[in-house]
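Trainee: I should like to work through this structure step by step. May we begin with a single residue and then widen the view?

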Amino acid sequence: MNKTIRRASVFALLLVLALLVRATWVQFYDGTALADDNDNRRNAIATYSRPLGNIIVAGEAITGSTRTKGSDLAYKRTYKDGSLYASVTGYASQAYAPTQLEGIYKDLLNGTDNQLKTVMDTVTGERADPGDVITTIDPAVQKAAYRTLGDTKGGAVAIDPKTGRILAAVSTPSYDPSSLTDANTAGKAWKQLTGDKDKPLTNRALRQPLPPGSTFKLVVAAAALEEGLYKNVDVHTDSPDPYIMPGTVRPLRNENKSAPCKNAPIRVALQYSCNNVFGHMAVQLGQDKVKAMAEKFGFNDEELDVPVRAYPSVYPSDMDKAQTALSGIGQFDVTATPLQMAMVSAAIANGGKLVSPHMVSQITDSGGDVLKDYDDSAGTEEIISSSTAEQLQSAMETVVKDGTGTNALIDGVTVGGKTGTAQHGENNSKTPYAWFTSYGKSDGNGKEVAVAVMVEQSDAARSEVSGNGLAAPVAKAMMEAALKS
């Protein structure tokens, strides 16, 4: 063979090898990526070729599937009481990526989850029958929160302190997920929802942290008791009134100017929501100790999955002493979600132990066999000692009986709570946020519940915005629904 032919043969062989390598790469690597691409129409066709599995509340499916007409997508998602449960379910759309539980369990619900596959499914490559998601939501508590929040912009969460089960997660204003399910009509609905100034797609229960105001004083009080700064909630504190924040000439004022806040014990300071006490207390403790306590309760946790990923509630670092004082009353750069403040009350109510909050009880296959039980796997962490928890329970009960939280009183129920009114805007120019966090323990049936409510905006006049006036009635309705026999 002459030299020219030999070189041409080698070159041709190299070209063939390159083509084989490229074909293999496309088939086994790029092919997987292309198959999983959200823009691959075949994925949508396969997903909606048959009914999806369902999300279950109290034994009843709140989702479904219905036949479409004139589309290569044979089925579309439907929702029962969609607006009521939108902050739990999210949406499964033919046009947009699924969210909330629909997104987290999309493989289970469409039958592609490996946990569902039988040996025969693996051999044939057939899609398995879809599974179901069993939630912890109590429809009575969910409805109570949704009804009483009404036309306000806000969020509410209820937790069973003993089990960590989330009984309600409500965000208002809400939206109907059904408006986003059909690819032919979803675009118009999406444009309306994303253009709405009230942001109905925002999950205010889990994913919008805002300044918690005086509800954060519970965290500061817990730190003071745990660190031994004060022996109990009835020992007088070192709290000048007015309290001039360090490095400034600015006093930390109290809302009630006639309240007995000078050197007030923690019980009285919570009862009257004394800013001077908790601002000075935060400075006495130092930001590091307050931060450590806040993080025990769940602040600064960027991986809080319930299983929806909650936005982290924040206790900041690198503050000066004046900023630390403001952080002690839940202001400056402190932020929290209703979920987070419900966790604070839940841990206090449960003797200082926080059970991991979760809104899914079980996932099952199409036959109802349990694939995973989240109730059994919920972890428990001791946040504060039982003696500190008892002290704080006693003080929170005083808040409801004789303090700023009287609108949460319930006959036959021991209720402890804390109000909050958080300022925001330049020079506090905007309408405050109204907060209330509480727990209720039935005197009759032994049931318990912890709740947090945040009202971001309402029709109330600025002077009428308060945790007791706006948020406590919502919490009361939720506790009543959770504790009924």
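Trainee: Does Cys274 count as buried or exposed?

Mentor: This is a predicted model, and the statements that follow apply to it as such. A residue is called buried when its relative accessible area is under 20%. The relative accessibility of Cys274 is 0%, so Cys274 counts as buried.

Trainee: With which residue does Cys274 form a disulfide?

Mentor: A search of the whole structure finds one disulfide. Its sulfur atoms lie 2.1 Å apart, and they belong to Cys274 and Cys261. The pair links distant parts of the chain, 13 residues apart: Cys274 is in the loop between helix 10 and helix 11, and Cys261 is in the loop between strand 9 and helix 10. Cys261 is buried as well, at a relative accessible area of 0%, and the partner of Cys274 is thus named: Cys261.

Trainee: Which handedness does the disulfide of Cys261 and Cys274 have?

Mentor: The torsion about the S-S bond is the quantity to consider. For Cys261 and Cys274 that torsion is about -75 degrees, so the disulfide is left-handed.

Trainee: Which residue in the loop between helix 10 and helix 11 has a positive phi although it is not a glycine?

Mentor: The loop between helix 10 and helix 11 holds Ser273. Ser273 is buried, with a relative accessible area of 12%. A positive phi of about 55 degrees, in a residue that is not a glycine, belongs to Ser273.

Trainee: How many of the 11 residues of helix 11 are buried?

Mentor: Helix 11 covers residues 275-285 and is largely enclosed by the rest of the structure. Its buried residues include Phe278, His280, Met281 and Leu285. They pack against helix 9, strand 8, strand 9, helix 10, helix 12 and helix 13. The number of buried residues in helix 11 is 10.

Trainee: Which residue just after helix 11 takes a positive phi?

Mentor: The position in question comes just after helix 11, where phi is about 90 degrees. The residue there is Gly286.

Trainee: Where is the cis peptide bond with an omega of about 5 degrees?

Mentor: One cis peptide bond has an omega of about -5 degrees and joins Thr172 and Pro173, with Pro173 in the loop between strand 7 and helix 8. For the bond asked about, the proline lies in the loop between helix 12 and helix 13. With an omega of about 5 degrees, that bond joins Val306 and Pro307.

Trainee: Is Thr335 buried or exposed?

Mentor: Thr335 is found in the loop between helix 13 and helix 14. Leaving aside residues up to four places away in sequence, Thr335 touches Pro209, Leu210, Pro211, Pro212, Phe299, Ser313 and Val314. Its relative accessible area is 17%, and the cut-off for burial is under 20%. Thr335 is therefore buried.

Trainee: Which strand does strand 6 join through seven bridges?

Mentor: Strand 6 covers residues 153-159 and runs antiparallel to its partner. Within this pairing, Ala156 has Val453 as its bridge partner. The partner strand, residues 448-457, is largely enclosed by the rest of the structure, because nine of its 10 residues are buried. The strand joined to strand 6 is strand 16.

Trainee: How many residues lie between strand 15 and strand 16 in their hairpin?

Mentor: Strand 15 and strand 16 pair in the antiparallel sense over eight bridges, and Tyr439 stands opposite Ala450. In the turn, Gly446 has a positive phi of about 80 degrees. The number of residues between the two strands is five.

Trainee: What are the edge strands of the open sheet in the order 2-1-5-11-12?

Mentor: This sheet is formed by five strands with mixed pairing. Strand 1 and strand 2 run antiparallel and are joined by two bridges, and Val57 stands opposite Glu60 in strand 2. An edge strand pairs on one side only, and the two that do so are strand 2 and strand 12.

Trainee: What percentage of the residues of the protein chain count as buried?

Mentor: The secondary structure of the chain comes to 17 helices and 16 strands, and the C-alpha trace spans about 105 × 60 × 40 Å along its principal axes. Of the 485 residues, the share that counts as buried is 50%.

Technical notes. Residues are numbered from 1 along each chain as its sequence is written. This is a predicted model: local features need pLDDT of at least 70, side-chain atom pairs count only at pLDDT 80 or more; totals for chains, interfaces and linings use all residues. Side-chain values use heavy atoms; hydrogens and water are left out. Helices (H or I, at least four residues) and strands (E, at least two) are DSSP runs, numbered from the N terminus. Buried means under 20% relative accessible area, exposed over 50%, partly exposed in between (1.4 Å probe, protein chains only). Contact means heavy atoms within 4.5 Å. A disulfide is a pair of cysteine sulfur atoms within 2.5 Å. Two strands pair if DSSP finds at least two bridges between them.
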